[in-house]
Amino acid sequence: MTVSNRMKWPENADHTAVPYYVFHDQDIYNREQDKIYNGPAWHFVALEAELLQLGSFKSTYIGDTPVVVTRGQDNEIYAWVNRCAHRGAEVCRHRHGVSEDGTFTCVYHQWAYDAKGDLRGVPFQRGLAGKGGYPKDFDKTQHGLRKVKVVSYCGAIFGTFSDATPDIETYMGEDVSLFFKRIMNRPVEVLGTTRQYIKGNWKFYAENSKDPYHASLLHLFHATFGLYRSSQEGATLINNDFHTVLWAKSGEEDEAALEDVKKDKLRTYQAGTYTLNDPSLLVGQQEFDDGISLVILTLFPSLVLQQIQNTLAVRQILPKGKDEFELVWTYFGYTDDSEELRNIRLKQLNLIGPAGLISMEDGESTELCHKAIVSDGDRTNVILMSGSETQSEGHLVTESAVRGLWKGYRKMMDL
Ligand code: FES
Ligand SMILES: [Fe+2]
């Protein structure tokens with residue numbers, strides 16, 4: 001198949017059979033930058049809790065584009081592209097911090113910008129001793145940094161480059177915004193950050209985080225100790241095709257489903273009776289009245305918001321070319337947490353991050369997929385668990401949300 005043909009979805013493929021070249025093709029990747037990352041989508045960029053002080057800032061990305069999110073001296077949140085308006089150098093070279101005087105100065109020729117990204121100062125604007133300098137009509141207001149439109153929603157900041165992006169709640173959809181508000185229900189405090197570099201296409205991770213099928217099979221520890229099983233009460237909710245909520249209640253097992261699981265002789269359930277030397281790892285608190293112990297919420301393309309027992313986190317998916325992505329985890333609790341609850345969160349997050357289990361396993365399976373499909377671009381995968389539809393379902397034995405991902409992706413990519 002030629003490259004240009006790859007810009008059409010093949011006839012033998014739909015959202016139940018996705019051609020592998022979408023994970024490896026450079027033209028597809030370039031189109032994603034255009035249609036998705038510069039298109040009508042909201043991209044998670046920061047928690048407000050990461051920008052508490054006036055003048056604080058955080059460097060991040062929307063797709064390939066470096067952006068900086070700031071809290072201005074007026075207490076408003078701003079974001080701009082981290083590329084000097086002069087000759088294109090990166091302006092802010094720190095991951096995060098506080099600009100005491102509220103300015104951001106490019107190191108190359110020292111053009112200086114304020115927190116809004118407006119150009120404030122240009123060295124030698126009038127030249128030196130009558131020599132050089134900028135033309136008289138040089139207008140600083142015309143040479144600011146490229147602005148990113150931002151919205152703060154329940155303490156989370158999203159950015160977009162497109163004027164066609166709908167308002168954030170419309171973009172999310174009803175279930176997703178409901179569950180978003182459920183977790184982000186009061187001010188949060190950041191407990192820590194980890195970064196994970198995964199050698200795989202970012203869409204494998206988009207699939208993974210919408211896929212309850214793998215969750216009780218790959219993540220053996222969580223299944224063995226009852227933190228998550230497909231036989232638990234739960235649901236797969238899909239909004240606007242590619243935003244999803246997977247939720248489960250760890251205390252509520254469907255006995256008939258559990259019997260079926262045992263008949264399948266899965267390795268999870270043949271594991272015998274494992275116990276922990278230090279069971280305090282699993283001690284948690286029921287902190288939500290609805291009894292839901294696990295929520296994986298995805299807002300396409302860049303955010304996963306999670307509650308796994310008492311571990312709360314946002315995961316930001318940052319593509320780094322077609323063959324790699326970075327996963328930035330920001331763990332948080334609430335500002336009114338008791339010390340006991342904060343310690344529970346800190347202990348439990350060892351189960352989730354790149355040095356723990358969940359994310360190490362998801363990262364590894366992503367890389368396994370990416371490696372194995374290199375020369376099979378025109379072949380397709382199989383996404384048929386629970387049929388071919390893409391609607392919400394009242395259980396977790398489904399790939400409907402993965403199909404929804406591809407349905408929404410095709411629409412946005414115009415493929
Ligand atoms: S490139 Fe930034 S001041 Fe010249
Ligand atoms: Fe997983």
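Helices, with at least four residues, and strands, with at least two, are taken here as DSSP runs numbered from the N terminus. In this predicted model, those labels help to describe the enclosed space, since helix H5 (212–218), strand E14 (294–299) and helix H9 (358–372) each contribute at least two residues to the lining of the largest cavity.

The structure holds 2 cavities of 30 Å³ or more, and the largest cavity contains about 200 Å³ of space. Its lining is made up of 16 residues, of which His-214, Ala-215, His-219, Leu-294 and Ile-296 come closest to the centre. Helix H5 gives the most to this lining, with 3 residues.

Besides the cavities there is open space to consider, and here the largest pocket holds about 440 Å³. A total of 19 residues line the largest pocket, and those closest to its centre are Glu-207, Asp-211, His-214, Cys-369 and Glu-399. The elements that give two or more residues to the lining of this pocket are helix H4 (202–208), H5 and H9. His-214 therefore appears in both lists, being among the residues closest to the centre of the largest cavity and among those closest to the centre of the largest pocket.The aromatic residues offer another way through the model. A pair of aromatic rings is described by the distance of the centres and the angle of the planes, and a search of the whole structure finds 18 such pairs. One of them joins Phe-23 to Trp-406 in an edge-to-face arrangement, with 5.6 Å from centre to centre and 80° between the planes. Because Phe-23 lies in the segment before helix H1 (26–37) while Trp-406 belongs to helix H10 (residues 400–413), the pair ties together parts that are 383 residues apart in sequence. Phe-23 counts as buried because its relative accessibility is 1%, and Trp-406 counts as buried too, at 0% relative accessibility. Both residues belong to one aromatic cluster, which is formed by Trp-9, Phe-23, Phe-204, Trp-406 and Tyr-409.

Aromatic rings also meet charged side chains. The charged end of Arg-146 sits over the ring of Phe-161, at 4.1 Å from the centre of that ring, and Arg-182 lies over the face of Phe-288, where the distance to the ring centre is 3.9 Å.

The unreviewed UniProt entry places a feature named "domain: Rieske" at residues 42–159. In the model, this span is 0% helix and 38% strand, and the C-alpha atoms at its two ends lie 6 Å apart. Strand E9 (residues 149–153) and strand E10 (residues 156–160) run antiparallel and are joined by 5 bridges. Val-151 has Phe-158 in E10 as its bridge partner. Together E9 and E10 form a hairpin with 2 residues between them, and Cys-154 in the turn has a positive phi of about 50°.

A last stop is Leu-346, which has its place in helix H8 (residues 339–348). With a relative accessibility of 36%, Leu-346 counts as partly exposed, a class that lies between buried, under 20%, and exposed, over 50%. Leu-346 and Leu-368 are 22 residues apart along the chain, and their C-alpha atoms are separated by 30 Å.

Conventions: Residues are numbered from 1 along each chain as its sequence is written. Chains are lettered from A and ligands numbered from 1 in the order in which they are written. This is a predicted model: local features need pLDDT of at least 70, side-chain atom pairs count only at pLDDT 80 or more; totals for chains, interfaces and linings use all residues. Side-chain values use heavy atoms; hydrogens and water are left out. Rings of Phe, Tyr and Trp (its six-membered ring) pair if their centres lie within 6.5 Å; planes under 30 degrees apart count as stacked, over 60 as edge-to-face and the rest as tilted. Buried means under 20% relative accessible area, exposed over 50%, partly exposed in between (1.4 Å probe, protein chains only). A charge sits over a ring if NZ of Lys or CZ of Arg is within 6 Å of the ring centre and within 35 degrees of the ring normal. UniProt positions are given in the numbering used here, feature names are shortened, and annotations may be inferred rather than shown by experiment. Two strands pair if DSSP finds at least two bridges between them. On a 1 Å grid over the protein atoms alone, a cavity is a set of points where a 1.4 Å probe fits but cannot get out, and a pocket is an open set with protein on both sides within 12 Å along at least five of seven lines; lining residues have an atom within 4 Å of a point. Grid points are joined across faces, edges and corners, and a volume is the space filled by probe spheres set on the points.
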